[in-house]
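Open the model in your viewer and keep the selection box at hand. The tour goes stop by stop, with something to pick at each one.

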Amino acid sequence: MTTTADRQAKDPSVGLADDAPDPRRWLALSIIAVAQLMVVLDASIVTIAMPHAQADLGISTANRQWMVTAYTLAFGGLLLLGGRIADYLGRKRAFVWGLFGFALASALGGLAPNAALLFAARALQGAFAALLAPAALSLITVAFTESRERAKAFGVYGAISGGGAAIGLILGGLLTEYASWRWCLLVNVPIALATAFFAVPVVRESRAQGEARYDLPGAVTVTAGLVALVYGFTVAAEDGWSDARTLGLLVGSVVLLAAFVVIESRSVAPLLPLRVAWERNRGGSFLASLLIGAGLFAMFLFLTYYFQQTLGYSALKTGFAFLPFSAGIILSAGTASQLLPRIGPRVLAGVGTTLAAVGMALLLSIEVDSSYVAHVLPSELLISIGMGFSFVPLSNLALVGVAAHDAGVASALVNTTQQIGGSLGTALLNTVYATAIGSYLDGHGHGKAALAQSQIEGYTTAFLWGAILIAVAAVVIFVFIRAGRESEVNVEGAPAHVG
């Protein structure tokens with residue numbers, strides 16, 4: 001007969017009280033950190049691989065943005081629902097199934113014979129990431145109950161989130177150049193499966209108390225509305241803004257998003273309690289995050305194509321060309337954490353966002369044969385320093401003055417708005433890019449020189465609108481945010497999704 005002592009010898013968490021510290025929490029953190037690294041790597045790896053995937057599968061300029069937006073739309077649109085599912089289904093269970101699903105979706109994408117299946121696989125990746133990511137954050141919160149330990153745990157998690165993007169840029173370049181762009185997706189399969197294998201015996205299960213309630217109508221309407229909006233932008237790139245399909249999709253998206261607001265105002269267990277976003281400081285931080293995401297994600301897309309198709313960089317050299325950006329964010333975010341208590345979130349985020357807008361505007365000077373050091377590097381450094389100064393206070397503002405039961409959804413909205421903003425911005429600015437190229441070629445012919453210069457016209461027009469979006473975010477910060485140096489977050493270590 002197996003006794004509790006026998007079972008405890010195999011699993012030290014057996015027989016512990018629900019609120020007792022998990023004796024294997026640091027080992028569990030290392031497993032969770034690997035999963036987070038995989039999710040972060042995926043975004044930057046795929047960015048580097050995009051030009052090769054587009055050429056291999058014959059993806060049009062108008063549709064190429066779906067390699068990014070299919071993932072970010074599913075991730076951002078389903079993140080809050082994924083958090084609720086993890087809470088009630090069981091966070092460990094959601095974490096493990098999220099890993100299995102992410103592996104399956106990555107395999108489908110890596111083996112995709114055409115663009116449609118690749119886009120579908122990217123959306124499936126985003127959906128499972130929306131289950132995996134909030135489960136991981138909750139598992140850390142539950143495992144580390146002592147404030148100092150929790151701070152260290154989230155420090156590890158944050159460092160991986162920041163440094164992982166840089167690793168992904170290099171790894172993406174290596175895999176694309178020396179293997180195939182497909183391995184940028186297939187590499188997730190062994191990582192996800194191995195992580196799930198080790199998570200089963202080590203990670204401790206936890207779940208929320210109470211009746212499970214899922215706001216499915218809210219999740220369906222907001223996701224469908226965002227997809228219709230992005231698809232409308234895509235159709236506009238091909239058929240124009242006045243086309244009946246374009247107008248129908250844009251009107252349909254407005255109707256669906258309006259329906260989402262109505263549903264949330266009447267739901268007993270809303271996906272997004274409107275009271276969270278209506279408060280002035282929090283609403284300002286969410287709107288600013290949306291606008292910043294719109295400008296920033298598109299910058300990565302167009303610089304990737306500029307490096308590889310205009311300057312002739314290899315995929316690996318492109319990865320190295322982005323490294324100063326990652327380094328700038330990591331360093332400036334650390335500095336921002338020290339400055340925030342001294343100067344307050346409004347000034348720090350406002351100045352940081354303004355710096356990023358100026359950096360984006362500097363990219364308007366690029367030419368067919370521009371020097372990376374003279375024209376691109378200063379812009380990367382300004383944008384990255386500005387973003388590091390902005391991200392820290394905006395994340396902090398999401399939790400200022402929020403009630404304990406709304407803390408999770410409030411903190412999740414920073415990530416959600418960045419992902420959704422990135423989806424919308426990438427789709428919109430890709431349409432702007434395609435329109436600018438068409439207009440230039442109509443007036444200058446289709447010779448080799450004109451084709452090369454038309455790409456520059458497309459890039460600079462997109463960068464201009466990206467700079468405008470980020471500049472508007474700066475205005476939003478200065479106008480709406482009133483929280484001062486004395487503002488404090490009263491909710492400690494809340495999981496980033498609980499409604």
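How much space lies in the second largest pocket? About 620 Å³. Keep in mind throughout that this model is predicted.

**Stop 1: the pocket**

Select Phe260, Leu272, Leu290, Leu413 and Thr417. Of the 23 residues lining the second largest pocket, these are the closest to its centre. Now colour the helices around them. α3 (66–89), α9 (216–239), α10 (244–266), α11 (274–278), α12 (280–310) and α16 (407–444) each supply at least two lining residues. Which of them gives the most to this lining? Pick α16, with 5 residues. Next, colour the lining by class. You get 18 nonpolar residues and 5 polar ones, with no charged residues.

**Stop 2: the largest nonpolar core**

Select Met299, Phe302, Leu303, Phe307, Ile383, Tyr459 and Phe463. The largest nonpolar core has 96 residues, and these seven touch the most other members. Show α12 as well: this helix gives the most to the core, with 14 residues.

Zoom in on Phe302. What does Phe302 touch, leaving out residues up to four places away in sequence? The contacts are Arg64, Leu429, Asn430, Tyr433, Tyr459, Ala462 and Phe463. Tyr459 and Phe463 should still be selected, as they are also among the core residues with the most contacts to other members.

Then move to Ile31, Ala129, Leu132 and Val203. They are included in a second core of 34 residues, separate from the one you just left.

**Stop 3: a cavity**

The structure has 2 cavities of 30 Å³ or more. Go to the second largest, which holds about 60 Å³ of space. Select its lining: Val46, Ala49, Ala53, Met67, Leu118, Arg122, Trp181, Cys184 and Leu185. The elements giving two or more residues to this lining are α2 (25–57), α5 (115–143) and α7 (183–186). α2 has the largest share, 3 residues. By class, the lining divides into 8 nonpolar residues, no polar ones and 1 charged. Leave Arg122 selected, as this lining residue comes up again at the next stop.

**Stop 4: the salt bridges**

How many salt bridges does a search of the whole structure find? There are 3. Side chains of opposite charge can pair when their charged atoms come close.

Start with Asp42 and Arg122. Their closest N and O atoms are 2.7 Å apart. Asp42 sits in helix α2 and Arg122 in helix α5, so this pair ties together parts 80 residues apart in sequence. Are the two buried or exposed? Both Asp42 and Arg122 are buried.

Next, select Arg182 and Asp56. Here the closest N and O atoms are 3.8 Å apart. Arg182 lies in the loop between α6 (147–178) and α7, while Asp56 is in helix α2, so the bridge ties together parts 126 residues apart in sequence. Asp56 has 46% relative accessibility, and therefore counts as partly exposed.

Finish with Glu279 and Arg282. Their side chains meet in a salt bridge at 4.0 Å, N to O. Turn on surface colouring to compare the partners. Glu279 counts as partly exposed because its relative accessibility is 26%. Arg282 has 7%, so Arg282 counts as buried; the cut-off for buried is under 20%.

Definitions and conventions: Residues numbered from 1 in each chain as written. Predicted model: local features only at pLDDT ≥ 70, side-chain atom pairs only at ≥ 80, totals over all residues. Heavy atoms only, no water. 1 Å grid on protein atoms, 1.4 Å probe; cavity = no way out; pocket = protein on both sides within 12 Å on 5 of 7 lines; lining within 4 Å. Points joined across faces, edges and corners; volume = space filled by probe spheres on them. Helix = DSSP H or I, 4+ residues; strand = E, 2+ residues; numbered from the N terminus. Nonpolar A, V, L, I, M, F, W, Y, C, P; charged D, E, K, R; others polar. Core = buried A, V, L, I, M, F, W, Y, C linked by side-chain atoms within 4.5 Å. Buried < 20%, exposed > 50% of the residue type's maximum accessible area, 1.4 Å probe, protein only. Contact = heavy atoms within 4.5 Å.
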